[in-house]
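Here are my notes on the model you sent over, written as numbered points so you can reply to them one by one. Have the structure open while you read.

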Amino acid sequence: MRKTFLCFWAALAVAASAQPAPLDSAGVYDKLWVQTSADYRAHCLQTYGWATRSLRERSSLEGTRDAQGRLVETTNVQERPLAVIMDLDDTVIDMSVYRTFLHSMGRDFELETWNSFLKYQSEHAEACRSVPGALEFIAEAEKLGYTVFFISNRTEATRPETIRVLEKLGVNTKDLDQRMMLDAGAEEDARQARGLMVRLGISEASAEGQALLRAQSRKERRRLQVSLNYRPVAFIGDDLGDFLSFVPEAGASPEKILQARYQAVANARERLGRQYFILPNPMYGNWSPGSTLPKEGAAKFLRDDGFLDYYRSLSR
Ligand SMILES: [Mg+2]
């Protein structure tokens, strides 16, 4: 009797093991990769390593310093200090904990929880973490004489929290008011865009002017603002929008946006790894559902190249 009973449970166990394991980890892989894998660290150190070498090479070619010790260009009539433009979230500051929170709560990004997290982070040293390689890169860039700018879509209202976190991380915050450009809101943003167009001689009616006025060009406008007085030579970010002025047409299909994004990368190929340095971010970004991909049904963009039908046909 006991033997029959054991066989019964053994048979059940075999049947159970034939079923696919429940995907408990679905939706967690991206955050696990960022928070636990040595591979993520290697990617970040690799990117920051390339960026550091690029700055060192350039500084040996353009070795002129101005009275304030800043590295300046020597090729143009107008002398501009050389600059590095960096994004903040998941480029300098590790924000994966907020994504863990969203996952635990089963919620999407919302400004209310985001702002709450920024406050929490600024008050809790244990929540202040940097992206591997970022702090060493900033210190080296400044030692070489580059001026480091931070361009982020964090709102202007969160500037105090942002400064506190950067201070806790040991980032140089001297003159940060001029070097950190946050999102000042749509109205102020449009006002600045118009001022910029006047200075650069771009007509508002032109395609360039219209593109600059679009909401998606927020970072591009601030990059142009920096380039009025500095020569940016390196851009570091975790999203194409951190260096490319990519403005999809309003209402364009996901397929069309994808093709345009691929084209933008193809056009930028020569600059990747020389001027543009991208960090991995599998958790979110302009590539993700709700942005480039549709919020609902994004899984239909997964390819299986016909394998599913083939596999099913084997058991028929
Ligand atoms: Mg970012």
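**Notes on the sheet, its core and the helices around it**

1. Let me start at one particular pair: Thr-155 stands opposite Asp-183 in E3. That belongs to the E2–E3 pairing, which is parallel and runs over 3 bridges. Helix H11 (residues 218–229) packs on the sheet, where it touches E1, E2, E3 and E4. The direction of H11 makes about 155° with that of E2. Keep in mind throughout that this is a predicted model.

2. Now the whole sheet. In what order do the 5 strands come? The order is E3-E2-E1-E4-E5, in an open sheet with parallel pairing. E3 and E5 are at the edges with a single partner strand each, so one side of each has no neighbour in the sheet. On average, neighbouring strands are turned by 20° against each other, direction ignored.

3. E1 (82–86) deserves its own point. It pairs with E4 in the parallel sense over 5 bridges, and 4 bridges join E1 to E2, again running parallel. If you want residues to click on, Val-84 has Ala-234 as its bridge partner in E4, while Ile-85 stands opposite Phe-149 in E2.

4. Is E1 buried or exposed? Buried: 5 of its 5 residues meet the criterion, so the strand is largely enclosed by the rest of the structure. Both faces are covered, with Leu-82, Val-84 and Met-86 buried on one side and Ala-83 and Ile-85 buried on the other. That two-sided split fits the textbook picture, in which side chains of a regular strand alternate between the two faces of the sheet.

5. The largest nonpolar core has 45 residues, and Val-84, Met-86, Tyr-146 and Phe-149 touch the most other members. Which elements supply at least two residues each? They are helix H3 (38–61), strand E1, helix H6 (134–143), strand E2 (147–155), helix H7 (159–169), and strands E3 (180–183), E4 (231–237) and E5 (276–278). As background, nonpolar side chains in soluble globular proteins tend to be buried together.

6. Tyr-146 is a good place to zoom in on that core. Leaving out residues up to four places away in sequence, Tyr-146 touches Leu-55, Leu-71, Leu-82, Ala-83, Val-84 and Ala-141. Among these, Leu-82, Ala-83 and Val-84 are buried residues of E1.

7. Back to H11, whose buried residues made me look twice: Lys-219, Glu-220, Arg-221, Arg-222, Arg-223 and Leu-224. What covers them? The cover includes E1, E2, E3 and E4, plus helix H9 (186–200) and helix H10 (207–213). When you read that list, remember that burial here counts C-beta atoms placed from the backbone.

8. H9 and H11 pack with their axes 10 Å apart, at an angle of about 45°. The two helices are therefore oblique to each other, and the crossing is left-handed. On the H9 side the contact uses Asp-189, Gln-192, Ala-193, Leu-196, Arg-199 and Leu-200. H11 contributes Arg-218, Arg-221, Leu-224, Gln-225 and Leu-228.

9. Another helix pair worth a look is H2 (residues 29–36) with H4 (residues 96–105), whose axes come within 10 Å and cross at roughly 150°. That makes H2 roughly antiparallel to H4, and this crossing is left-handed as well. Lys-31, Val-34 and Gln-35 of H2 meet Ser-96, Arg-99, Thr-100 and His-103 of H4.

10. One loop residue: Val-247 lies between E4 and helix H12 (254–268). With 18 other C-beta atoms within 10 Å, Val-247 is partly exposed. Not counting residues up to four places away in sequence, Val-247 touches Ala-211, Arg-214, Gln-216 and Ser-217. The C-alpha atoms of Val-247 and Val-34 are separated by 28 Å, the two residues being 213 apart along the chain.

11. Last, some totals for the protein chain. It holds 13 helices and 5 strands, and 25% of its 316 residues count as buried. The C-alpha trace spans about 95 × 45 × 40 Å along its principal axes. Of the contacts between residues at least 6 apart in sequence, 73% join residues at least 24 apart.

Methods: Residues numbered from 1 in each chain as written. Predicted model: local features only at pLDDT ≥ 70, side-chain atom pairs only at ≥ 80, totals over all residues. Core = buried A, V, L, I, M, F, W, Y, C linked by C-beta atoms within 7 Å. Buried ≥ 20, exposed ≤ 12 C-beta atoms within 10 Å, placed from the backbone. Contact = placed C-beta atoms within 7 Å. Pairing = 2+ DSSP bridges. Axes fitted to C-alpha atoms, helices over the stretch in contact; angles between N-to-C directions. Parallel < 35°, antiparallel > 145°, perpendicular 65-115°, else oblique. Left-handed = near helix turned anticlockwise from the far one by under 90°.
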